Amino acid sequence: MPLYEHVMIARQDLSNAQAESLVEHFGTVLADNGGNVVDSEYWGVKTMAYKINKNRKGHYAFLKTDAPAGAIQEMERLMRLHDDVMRVLTIKVDEHAEGPSVQMQKRDEREGRRERR
């Protein structure tokens, strides 16, 4: 099955538990349609570059999935209809990166960073 990565932004006035339950909800939608969530990360509340629906901040979540195209289309359709979800980005990838995403790594652990003068 194809591999996908999703980044979801939820409204800022949700609690952390509600934002994480959204990730679980959309994971069950994928499971019902023949896919599965390989890994999920909750990145927390982050400030956005511009306002979206009068919100300056949002709850960010990251999903790595392994699902057929029909399951992804259904999940995206339900995300667009959900009132708490502001934006979704889905990317098809050849393989999932091992370990935590770049957002979850500490600055010291990131590769390719040079020392400042």
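Buried means under 20% relative accessible area, exposed over 50% and partly exposed in between, evaluated with a 1.4 Å probe on protein chains only. The model is predicted, and for that reason local features need pLDDT of at least 70 and side-chain atom pairs count only at pLDDT 80 or more, whereas totals for chains, interfaces and linings use all residues. Residues are numbered from 1 along each chain as its sequence is written, and side-chain values use heavy atoms, with hydrogens and water left out.

**Exercise 1. Describe the order of the elements and the overall burial of the protein.**

Step 1. Helices (H or I, at least four residues) and strands (E, at least two) are taken as DSSP runs and numbered from the N terminus. On that basis the protein has 2 helices and 4 strands, and from the N terminus on they run β-α-β-β-α-β.

Step 2. Of the 117 residues in the protein, 36% are buried.

Step 3. With contact meaning heavy atoms within 4.5 Å, consider the contacts between residues at least 6 apart in sequence: 75% of them join residues at least 24 apart.

**Exercise 2. Determine the environment of H6, and state whether this residue is buried or exposed.**

Step 1. H6 belongs to strand β1, and it is buried because its relative accessible area is 0%.

Step 2. Polar contacts are pairs of N or O atoms within 3.5 Å; within protein, one atom must be able to donate a hydrogen and the other to accept it, and residues adjacent in sequence count only if both atoms are side-chain atoms. The side chain of H6 makes such a contact with the side chain of T65 at 3.0 Å, and another with the side chain of T90 at 3.0 Å.

Step 3. Once neighbours within four places in sequence are left aside, the residues in contact with H6 include A61, F62, L63, I72, M75 and L89.

**Exercise 3. Characterise the packing of helix α1 against helix α2.**

Step 1. Two packed helices are described by the angle between their axes and the distance between the axes. Here the axes are lines fitted to C-alpha atoms, for helices over the stretch in contact, and angles run from 0 to 180 degrees between N-to-C directions.

Step 2. Helix α1 (residues 16-32) packs with helix α2 (residues 69-81) at an angle of about 145 degrees, and their axes are 9 Å apart.

Step 3. The residues that meet are F26, V29 and L30 from α1 and A71, I72, E74, M75, L78 and M79 from α2. By class, this contact has 8 nonpolar, no polar and 1 charged residues, where Ala, Val, Leu, Ile, Met, Phe, Trp, Tyr, Cys and Pro count as nonpolar, Asp, Glu, Lys and Arg as charged, and the others, Gly among them, as polar.

**Exercise 4. Find which element gives the most to the largest nonpolar core.**

Step 1. A nonpolar core is a set of buried Ala, Val, Leu, Ile, Met, Phe, Trp, Tyr and Cys residues joined through side-chain atoms within 4.5 Å.

Step 2. The largest core has 17 residues, and those with the most contacts inside it are M8, L22, F26, L30, M75, M79 and V85. At least two residues each come from β1 (3-11), α1, β3 (55-66) and α2, and α1 gives the most, with 5 residues.

Step 3. Apart from neighbours within four places in sequence, L22 is in contact with M8, A10, L14, H82, D84 and V85. A second, separate core of 7 residues includes M48, I52, Y60 and F62.

**Exercise 5. Examine the backbone and exposure of N53 and K54, and then the burial of N55.**

Step 1. Most residues other than glycine have a negative phi, and most peptide bonds are trans.

Step 2. N53, in the loop between β2 and β3, has a positive phi of about 55 degrees although it is not a glycine, and N53 counts as exposed because its relative accessibility is 57%.

Step 3. K54 is found in the loop between β2 and β3; its phi is near 65 degrees, a positive value in a residue other than glycine, and at 76% relative accessibility K54 counts as exposed.

Step 4. N55 lies in strand β3 and is buried, with a relative accessible area of 11%. Leaving aside neighbours within four places in sequence, N55 is in contact with R11, Q12, M48, Y50 and M86.
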